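Here is a short report to read beside the sequence and the 3D view. Please keep both at hand as you go.

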Amino acid sequence: PNAANLGYVPESVPFDNPATLSEPVATIPSYPDCTVRPQTIVEIKKMRENAARIAQMIQTETFIMQKRKTYIEQMTSYINDRIRELNKVKGELEQETRWVQIS
């Protein structure tokens with residue numbers, strides 16, 4: 001096989017290619033043409049505005065969720081107190097019912 005058709009074939013060290021040692025390397029003819037379109041800038045600004053708006057909405061929602069959590073904790077405590085009172089009354093009612101049945 002022809003060595004030119006094989007492409008890069010390392011021989012002694014990983015980056016040693018004797019076929020390219022004596023050939024000059026071409027320079028880049030000009031700086032790359034990387035124009036930024038105005039539409040791209042507008043879209044980036046919109047994305048940043050949307051990201052800021054979403055961040056604000058998340059902060060607001062987090063605050064509201066904390067308030068809801070506190071409310072639910074308070075209501076759970078209140079309902080548990082009422083349930084304990086209800087169970088106490090039921091216990092007293094059961095004792096009274098037994099007393100009525102005995103007498």
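The sections below go from the overall fold to salt bridges, polar contacts and a surface patch.

## Basis of the model

This is a predicted model, in which local features need pLDDT of at least 70 and side-chain atom pairs count only at pLDDT 80 or more, while totals for chains, interfaces and linings use all residues. Residues are numbered from 1 along each chain as its sequence is written, and side-chain values use heavy atoms, with hydrogens and water left out.

## Overall picture

The protein chain holds two helices and zero strands. These elements are DSSP runs numbered from the N terminus, with helices being H or I over at least four residues and strands being E over at least two. Helix α2 covers residues 38-102, and it will come up often below.

Of the 103 residues in the chain, 2% count as buried. Here buried means under 20% relative accessible area, exposed means over 50%, and partly exposed is in between, using a 1.4 Å probe and protein chains only. The chain exposes about 10300 Å², with carbon and sulfur atoms supplying 61% of that area. Such areas come from the Shrake-Rupley method with a 1.4 Å probe, and for residues only the protein chains shown count as cover.

## Salt bridges

Side chains of opposite charge can pair when their charged atoms come close. With a salt bridge taken as a side-chain nitrogen of Lys or Arg within 4 Å of a carboxyl oxygen of Asp or Glu, the count comes to five. One of them joins R84 and D81, with N and O 2.6 Å apart. R84 and D81 sit three residues apart in helix α2, so about one helical turn separates them. R84 is exposed at 51% relative accessible area, while D81 is partly exposed at 31%.

R82 and E85 form another salt bridge, and their closest N and O atoms are 2.8 Å apart. R82 and E85 are also placed three residues apart in helix α2, which means a separation of about one helical turn. R82 is partly exposed at 33% relative accessible area, and E85 is partly exposed at 45%. A further pair is E61 with R68, where the closest N and O atoms are 3.6 Å apart. E61 has 35% relative accessibility and counts as partly exposed.

## Side chains reaching the backbone

Which backbone oxygen does the side chain of T62 reach? The partner is the backbone oxygen of I58, at 2.7 Å. T62 belongs to helix α2 and is partly exposed, with 40% relative accessibility.

Now look at the segment after α2, where S103 lies. The side chain of S103 reaches the backbone oxygen of W99 at 2.7 Å. S103 is exposed, with a relative accessible area of 65%.

## A nonpolar patch

Y78, I79 and I83 make a nonpolar surface patch of about 280 Å². Patches are built from residues with over 30% relative accessible area and no salt bridge, joining like charges within 9 Å and nonpolar side chains (Val, Leu, Ile, Met, Phe, Trp, Tyr) within 5 Å. Among the patch residues, Y78 is found in helix α2 and is partly exposed at 45% relative accessible area.

Technical notes: A polar contact is a pair of N or O atoms within 3.5 Å; within protein, one must be able to donate a hydrogen and the other to accept it, and residues adjacent in sequence count only if both atoms are side-chain atoms.
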